[in-house]
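Me: Please take me through this structure step by step, and give the reasoning behind each answer.

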Amino acid sequence: MARDHARIGVDIWDDPEWTALTSLQQTVYLSLISARALSYCGVLPLIPVRLARVARDLSARKVTAALDALEAGRFLVIDHDTAEILVRSYVRHDGLLKQPNVTKALVSALRKVESERIREAVKVELVRLLAEQPEARGWGGYQAADPEGFAGLLARASGNPSGNPSGKG
């Protein structure tokens, strides 16, 4: 099922890191999280000219500058080699882990990400969420969709980054 809405918590306006952004940076960020192309793991193509079409006074140059600032502020992870953008906290704030089937869609979307750096950043966010929300129903969907990947998340969340603590064979 395609996304038909975006969730934006009203507490965003209480976040000093968010309110420290310029209005242009906020506009670009909000256009990213509400973009139809945003996948269930929070990734979309890096196409500044397309993002510039959300407002008459935007240009690809302005969008690129805003994207760079958002990356510097850790709102985004950008891989220029694969032309992908990750909205780093998308999975956390959109409530995807409440629903096992939507979590399966997250796993499917994650498999399509070209960037190793972005895939790793999504996994870091998932490990954080697993530690914070171990009871979330979506973990069952994750395990069903990717049992080996889920086992890896469990190991990382428990502080053991590999299934083989000795590092041998």
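Me: How many bridges join strand 2 to strand 3?
Reply: This is a predicted model, in which local features need pLDDT of at least 70 and side-chain atom pairs count only at pLDDT 80 or more, while totals for chains, interfaces and linings use all residues. Residues are numbered from 1 along each chain as its sequence is written, and side-chain values use heavy atoms, with hydrogens and water left out. Helices (H or I, at least four residues) and strands (E, at least two) are DSSP runs, numbered from the N terminus, and two strands pair if DSSP finds at least two bridges between them. Strand 2 and strand 3 (residues 84-87) run antiparallel, and the number of bridges joining them is four.

Me: Which residue in the turn of the hairpin formed by strand 2 and strand 3 has a positive phi?
Reply: The hairpin has four residues between its two strands. One residue found in this loop has a phi of about 55° although it is not a glycine. At 32% relative accessibility it counts as partly exposed, a class that lies between buried (under 20% relative accessible area) and exposed (over 50%), with a 1.4 Å probe and protein chains only. The residue is Ala 83.

Me: What is the order of the strands in the open sheet?
Reply: Strands of a sheet pair through backbone hydrogen bonds, either parallel or antiparallel, and in this open sheet of three strands the pairing is antiparallel. Strand 1 (43-45) and strand 2 each have a single partner strand and therefore stand at the edges, so one side of each is left without a neighbour in the sheet. The order is 1-3-2.

Me: Are the residues on both faces of strand 2 buried or exposed?
Reply: In a regular strand the side chains alternate between the two faces of the sheet. In strand 2, Leu 76 and Ile 78 are on one side, with Val 77 and Asp 79 on the other. Both faces are covered, and all of these residues are buried.

Me: At what angle does helix 2 run to strand 3?
Reply: Axes here are lines fitted to C-alpha atoms, for helices over the stretch in contact, and angles run from 0 to 180 degrees between N-to-C directions; contact means heavy atoms within 4.5 Å. Helix 7 (residues 116-132) packs on the sheet, touching strand 1, strand 2 and strand 3, and its direction makes about 160° with that of strand 2. Helix 2 also lies across strand 1, strand 2 and strand 3, and its angle to strand 3 is about 95°.

Me: How many aromatic pairs are there?
Reply: Rings of Phe, Tyr and Trp (its six-membered ring) pair if their centres lie within 6.5 Å, and planes under 30 degrees apart count as stacked, over 60 as edge-to-face and the rest as tilted. By this rule the count of aromatic pairs comes to seven.

Me: What is the angle between the planes of Tyr 29 and Phe 75?
Reply: The pair links distant parts of the chain, since Tyr 29 is in helix 2 (residues 23-33) and Phe 75 in the loop between helix 4 (60-72) and strand 2 (76-79), 46 residues apart. At 7% relative accessibility Tyr 29 counts as buried, and so does Phe 75, with a relative accessible area of 13%. Together with Trp 13 and Trp 18, these two residues form one aromatic cluster. The pair is edge-to-face, with 5.7 Å centre to centre, and the angle between the planes is 70°.

Me: What is the distance, centre to centre, between Trp 139 and Phe 150?
Reply: Trp 139 lies in helix 8 (residues 138-145) and Phe 150 in helix 9 (residues 147-157), 11 residues apart. Trp 139 is buried at 4% relative accessibility, and Phe 150 is buried at 7%. Their aromatic pair is tilted, with 40° between the planes, and the centre-to-centre distance is 6.0 Å.

Me: Which word describes helix 8 in relation to helix 9?
Reply: The axes of helix 8 and helix 9 come within 5 Å and cross at roughly 125°. Angles under 35 degrees count as roughly parallel, over 145 as roughly antiparallel, 65 to 115 as roughly perpendicular and the rest as oblique. Helix 8 is therefore, relative to helix 9, oblique.
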